[in-house]
Amino acid sequence: MTTTHPLAEDYLRRLNHIARVLPRHERDELVAEIRNHLDSGLPPDATDADVRNLLDQLGPPNDIVAAARPEHPPMRRGPREVFALILLVTGFRRSSGGSPASVCCCGRRCGRRARSCSQSWYGREATASCSASGRR
Amino acid sequence: MCSVVLAADVLSQLRRGALEYCVLALLAQEERYGFGIVRTLGSNDGMVTGEGTLYPLLARLKKAGHVTTTWRESDTGPPRKYYAITAEGRRALADFTTQWRLFRDAVDDILAKGTT
């Protein structure tokens, strides 16, 4: 009864991973529904082409999860986010190694500013970046 | 930053807003299972981009109390989750239908005048 085609299983695995930002019960429910959809839409002897067509019609897992949280913009990792991460981490590590305080403070401040400008960071990411920077 | 609103964006937002009421309208006739709803709406060109996005929408309708769900055994495969509209769902649908018709008629009217 469970979908066994490797392409379908791979899709469900990716969906399950991307949906980790949802509350547990919502994630489980969503994945179960999509699995059910695939079971309903595929004959027992489904070909690769059949599966690919069905998955194309379903759309990318990212879009499905984005639809489950309309209050949040889609997760993006742009240059600003990468820059913020580098500054936050290098600033923190420099300070613990006793290097010139001015350099690491500047790095942490820039990182925090970049993080606060980023609209993609929220929830766990923002908290993690706070920990990395040593303080809010 | 571009301040012009693209027609495609407007229609995308309208589509998103109207979709849950289209789902309710389908369910107002009879209860349906997820795959059936998705297929019916998906076959209507311009209604849905990715069919999978309908499942979170159905979950939202359930959370809002506009639909209820029941699992039923099926002869032709795995058990199916059936969606049924609630009284509250019918009220929401009736509200939307009234508002939508006013809006649609007003826009059509203005567009017709604008293009003559």
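The following exchange explains how several terms apply to this predicted model.

The model is predicted, with local features requiring pLDDT of at least 70 and side-chain atom pairs pLDDT 80 or more, whereas totals for chains, interfaces and linings use all residues. Residues are numbered from 1 along each chain as its sequence is written, chains are lettered from A in the order in which they are written, and side-chain values use heavy atoms, without hydrogens and water.

Me: What makes the pair B:Lys81 and A:Glu29 a salt bridge?
Reply: A salt bridge is a side-chain nitrogen of Lys or Arg within 4 Å of a carboxyl oxygen of Asp or Glu. For B:Lys81 and A:Glu29 the N to O distance is 2.4 Å, so the pair qualifies. The pair crosses between chains, from strand β3 (residues 77-85) of chain B to helix α2 of chain A. Helices (H or I, at least four residues) and strands (E, at least two) are DSSP runs, numbered from the N terminus.

Me: Why is B:Lys81 called buried?
Reply: Buried means under 20% relative accessible area, exposed over 50%, and partly exposed in between (1.4 Å probe, protein chains only). B:Lys81 has 5% and is therefore buried. Its partner A:Glu29, at 35%, is therefore partly exposed.

Me: How do you know that A:Asp10 and A:Arg13 form a salt bridge?
Reply: Their side chains meet at 4.0 Å, N to O, and the pair is counted as a salt bridge because the rule accepts distances within 4 Å. Both residues lie in helix α1 (residues 6-18) of chain A, three residues apart, which means a separation of about one helical turn. A:Asp10 is partly exposed at 32%, whereas A:Arg13 is exposed at 54%.

Me: How do you know how many residues of chain A and chain B are in contact?
Reply: Contact means heavy atoms within 4.5 Å. By that rule, 20 residues of chain A are in contact with 20 residues of chain B.

Me: What is the area buried between chain A and chain B, and what does the term cover?
Reply: Buried area is the accessible area (1.4 Å probe) that two parts lose on being put together, summed over both. Here the value is about 1500 Å², of which carbon and sulfur atoms give 60%.

Me: Which salt bridge involves A:Glu26, and how many are counted between chain A and chain B?
Reply: The side chain of A:Glu26 meets that of B:Lys63 at 3.4 Å, N to O, so the pair satisfies the rule. The count between chain A and chain B is three salt bridges.
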